[in-house]
Amino acid sequence: MGTSAEPHSLVLGLLFLSMPAMGSCSDKYPELLGQLQKQADFMQHTNTLLDLYIRSQGLDKNGLKEHCRERPGAFPSKDALQRLSRRVFLRTLDTTLGQVLLRLAALEQDIPKAQDLEMLSGVKLNIRGFKNNIHCMAQLLPGSSETTEPTPTSPGASPSPTPTLDTFQRRLEGCRFLHGYHRFMRSVGQVFREWGKSLSRSRRHSPHQGLLKGARRMQLSGRNKRLMPRVQLAPGSHRGAPGG
Amino acid sequence: VRLSNKVSFCFVLLFISLLTFLSEPLPWAPESLKVSINSTHQCLHLQWSVHNLAYHQELKMVFQIEISRIKTSNVIWVENYSTTVKGNQLLHWSWESQLPLECAKHFIRMRSAVDDATTPEQRFWSNWSSWEEVDVQNSLGHEPLFVFPKDKLVEEGSNVTICYVSRSQQNNISCYLEGVRMQGQQLDPNVSMFNLHNVAFIRETGTNIYCKVDRGDDIKGIVLFVSKILEEPKDFSCETRDFQTLSCTWDPGRDTGLLKQLPQSYTLFESFSGKKTLCKHKGWCNWQVAPESQEMYNFTLTAENYLRKRSVHILFNLTHRVHPMAPFNVLFKDVSVTNATMTWKVHSTGNYYTLLCQVELYGEGKVIQHNVSVKVNGELVLSGLEPDTEYSAQVRCANANHFWKWSEWTRQNFTTVEAAPSEAPDVWRNVKSVQGYCVVTLFWKPLSRLQANGEILFYNIVVEDLDRPSGLQLLSVPAPANRTELTLDQRAYQIHVTANNSVGTSPASVLVVSGDPGDEEVEEERVKGTEDGFSLSWKPQPGNITGYIVEWCDRPRDPLCDLQWKHLGPNTTSTVISSDAFRPGVRYNFRIYGISTEMVPYLLEKKTGYSQELAPSDNPRVVMSNLTSHSFTLSWKDYSTESQPSFIRGYHVYLKSKAGQCHPGSEKAVLSDDSVCCKYKIDDPKQKMFVVGNLQPESFYEFLVTPYSAVGEGPHGAFTKVTTPDEYSPMLIRIILPMIFCILLIMILCYLKSQWMKEKCYPDIPDPYKSSVLSLIKSKENPRLTIMNIKDCVPDTIEVVNKHEGTGKSPTEPEAAKPTYLYLLPAEESYSGPGPCICFENFTYNQAASDSASCGHVPVPTKAPSQLGLLTSSENLLTALEKNCMNSLEEIPAGESSLNYVSQVASPVSGDKSSLPTNPPQPELCSEYKMQMAIPLGLAAPSSSGSSSLSSITLLDEGEHYH
């Protein structure tokens, strides 16, 4: 389980890190959306992180693993994510994943095995690559530089639990947190999937296929950021869509 | 009375004093007792002072401490704590509880006494202090469930007590150790404890112990960190390489498994100097040697973690623990042919110590060891070396006085100088006589490294004519050649061969070649080889013999054969020849030469043998001849016994027959396929012919000829089949064949005679010109009678024979033929000259295709005029002729045609085919037509019989046609 996920995580990590390393973002919206969706789908699998944690901490026992359930409110629910505008969604995602990274750094202290630590490092690499892609996607959205919507904070995704917790409670909390993280990534993947569906619908309805790229180019040139039509992304799919 | 009064007074005073002492606190009683707890370590920490102790006073006291659990009457611990108390000193004492302090109330009290060892009987305990209550449960908070102790560190094998505290008595709580339920003991309605005995290490992240309410989601637990026991360091030792630093190493043993929670440290303590250092590494540590030349060191290495401390000690003299550094600057000087001087340096040890250095010299597969005592610089003369040889020398050193460890090796290579070759090359020759000359091939073996003393560059060959001492011939052959060929005449020559390197020449190897090889009259003997080789022996030769040479070929089947030889001394008469090239089943031939004092070799003996004989691998190709009804002859003349893998001793002839009976001279044999046959044995390998007799006529036999040797016979391959002929057939053939021949000859002669008779007397078509009868009549009876010329015939009528082929009747039937006559000439007078020869389409053969208009085919009308009109058209006629409408000549019966005179006339248009129309209809539509042929005029000359059968359409003279 863990061994099979490790090469995937490394490959994906390198893949997603390649763009920021090159210093530029792809302006191909469908391609970027597809990457985000695939990465979210990959990160939702518990064998990438949770299973490793449960195994290393000895939580894989009857009567114990049942308590490894996400605490309500730790991560935004799927409904909450779907209600967000695209820009706010991306910002929420970025913020939440930043907090996940902090929490993983704390969990690292409880993982003694070098092999497990290496896997955890791969997960962190993936998350950083994902955050970079979020950044690139945010740039593709119209009005990227002028929107100042507030970022809703994740209610329960604090960097680490209360430091006074004993090891057992911290262990359970870590497990619950990771459970919530995978559920959150599953919801994120579903949201991105909906974005993709709306893109397909817009393509079917619009004969002009190059509008998105054109909008991107115009947006980058800074002449008219409102030229990017909503229909190119998801016409009417979100109440809080940019520009609307 | 006065005395008794005084005693009574003193007793009263003492009693009053005692009462006063008992009514007030005893001096030096414990006071201000404070109890604190350390939950992490489950410790109760007591702090108190001693009442009324002067500032400068120092008193040895004992404190008795009582600890009760749950209630004061339940005393679980009593301990006397002895210490020396100074004035105003705060005293401390700790107690670690086995049960987590959170699980139960604890009560502590103490009392004190002066601990004077000289008067133990005078110990008076102070009053007990009041009970101090420790109740941690009050500060736990309001959560429904707690489990203790939190994050406890223990060693494996320890006993641990776990407890839970529940806020509700109604809750049914279960506790688990790694998923396995534990059975506990209830301390009070809200508290239960669990004793774990001999806990084991499970994982580095600790053992999970948890409790949960059976009907609820509450789960609380602890992690018990169980460590493996810290092991004592092993193989602890220290040494110095430079008298400045001591390097101490040890084996830390197995890991405790809890390096994060339970880090372990290693401390080095030296008792003489009192210095201590905390080692940074787990397995080694450096110690600075004291500059004041401390010689003795007593080290204590302590491995320690939170739970355990382990120590090991070593005591040593520094000079006994010297591990010298590797020598350096190893050089070789004065390298000659057999000697070299090796020098090296060692690192300074203050010039106080002598080092023992060990030198090892590797060369020529040998190792020579030398020991040298060295202060600073080492030197060793290496002698007895071989010329032009690469040597490798290495040196290491150790403390000569107190050996501890050798240094590392330092290695260096050198090569000695070349010298002239020391040995003459080993030379042999092969002499062949070709066209009156001796072709001498000289072979020599390359000198070994020890003999060559350098790289051999060339070989010099000097050929000296013994009959003419002044005639010398010099030949130089560059190395690495190992042979050369000389063509000499039939005289005696002495040949000198020397090997040369860059330094000089080897001694010469001398060989005399005479004109007569003298090899012919020596008989060959067989020898039996073994895996170790061939053991050869020969008769000692009288006279002066300088030695013997045994010659053989390693690969006798190859053309070059790889000639080998072996020199043997004059007193040797036997040797064993072995070679890695010897293979089983290969015959090797050995020649033994004696070498005379004149260095002339002469052949003494020939030996031949196999290192291992193998069964014959193939059978001879047998030719069968002289097959009769009772015998046949088998021969295999071309079978070579020399090339067989063993000495052939004879042959077996196997004969299979249906009768299965074996005649005298043969024996029954059962083959591997269980078939039975007769076996004839031929004991002479040179006999390569065999007559198989006593056979039955007209019988089927199978035979096989296979060789046999000492190790077996050849393969039982396919048998050759043969059937003996009938006994009488040869005789019959001898009689009947000539008879048949004679009869045939007579028949041919008769036939030829009958032809002649027929031609002369009754030809098929009589030719008047050839008829001798006519000529007889003409000459004797009526000279006016002439033979009618066909040119005189004028055709006037064409008889068209209409044959109905489709009716199924034969076209030769009279009633089927209904001739139609076409009258070509209205008046006989108007015709002059030869008439045309015309053929008509014979509709008899194309009834089925008569409807086809595209062929130019016209149906024949029943009335003559219309036919005439049709025929007058020359184009139609020729078209019809041009088509394949030819009637076969055979269609006319010979008998009929012989009765008709056929008058043939030329075509009125042309008899030339080239003038025919150029665009005839397509033939594929006329396939049912038969061509009729217009016979050219020139060919219509009278002939004996050919013209009589030309066509079924005849041009008849009017009134002279028959049918």
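This text walks through the contact between chain A and chain B, then turns to a strand pair in chain B. The model is a predicted one.

Start with the extent of the contact. Chain A contributes 21 residues and chain B contributes 20 residues. The size of an interface is often given as the accessible area lost when the parts come together. Here, about 1,600 Å² is buried between chain A and chain B. Carbon and sulfur atoms give 52% of that area.

Next come the polar links. Between chain A and chain B there are 2 salt bridges. One of them joins the side chains of B:K150 and A:D166, at 3.2 Å from N to O. This pair qualifies because a salt bridge needs a Lys or Arg side-chain nitrogen within 4 Å of a carboxyl oxygen of Asp or Glu. Polar contacts link 9 residue pairs across the two chains, counting pairs with both residues at pLDDT 80 or more.

Which elements of chain A supply at least two residues each to the side that touches chain B? They are α3, residues 50-57, and α7, residues 167-205. The largest share comes from α7(A), with 6 residues. By residue class, the side of chain A that touches chain B holds 9 polar, 6 nonpolar and 6 charged residues.

Now move to chain B and its strands. Strand β33 covers residues 458-465, and strand β34 covers residues 472-478. The two run antiparallel and are joined by 7 bridges. Together, β33(B) and β34(B) make a hairpin, with 6 residues between them. To find the register, look at B:Y459, which stands opposite B:V477 in β34(B).

Conventions:
Residues are numbered from 1 along each chain as its sequence is written. Chains are lettered from A and ligands numbered from 1 in the order in which they are written. This is a predicted model: local features need pLDDT of at least 70, side-chain atom pairs count only at pLDDT 80 or more; totals for chains, interfaces and linings use all residues. Side-chain values use heavy atoms; hydrogens and water are left out. Contact means heavy atoms within 4.5 Å. Buried area is the accessible area (1.4 Å probe) that two parts lose on being put together, summed over both. A polar contact is a pair of N or O atoms within 3.5 Å; within protein, one must be able to donate a hydrogen and the other to accept it, and residues adjacent in sequence count only if both atoms are side-chain atoms. Helices (H or I, at least four residues) and strands (E, at least two) are DSSP runs, numbered from the N terminus. Ala, Val, Leu, Ile, Met, Phe, Trp, Tyr, Cys and Pro count as nonpolar, Asp, Glu, Lys and Arg as charged, and the others, Gly among them, as polar. Two strands pair if DSSP finds at least two bridges between them.
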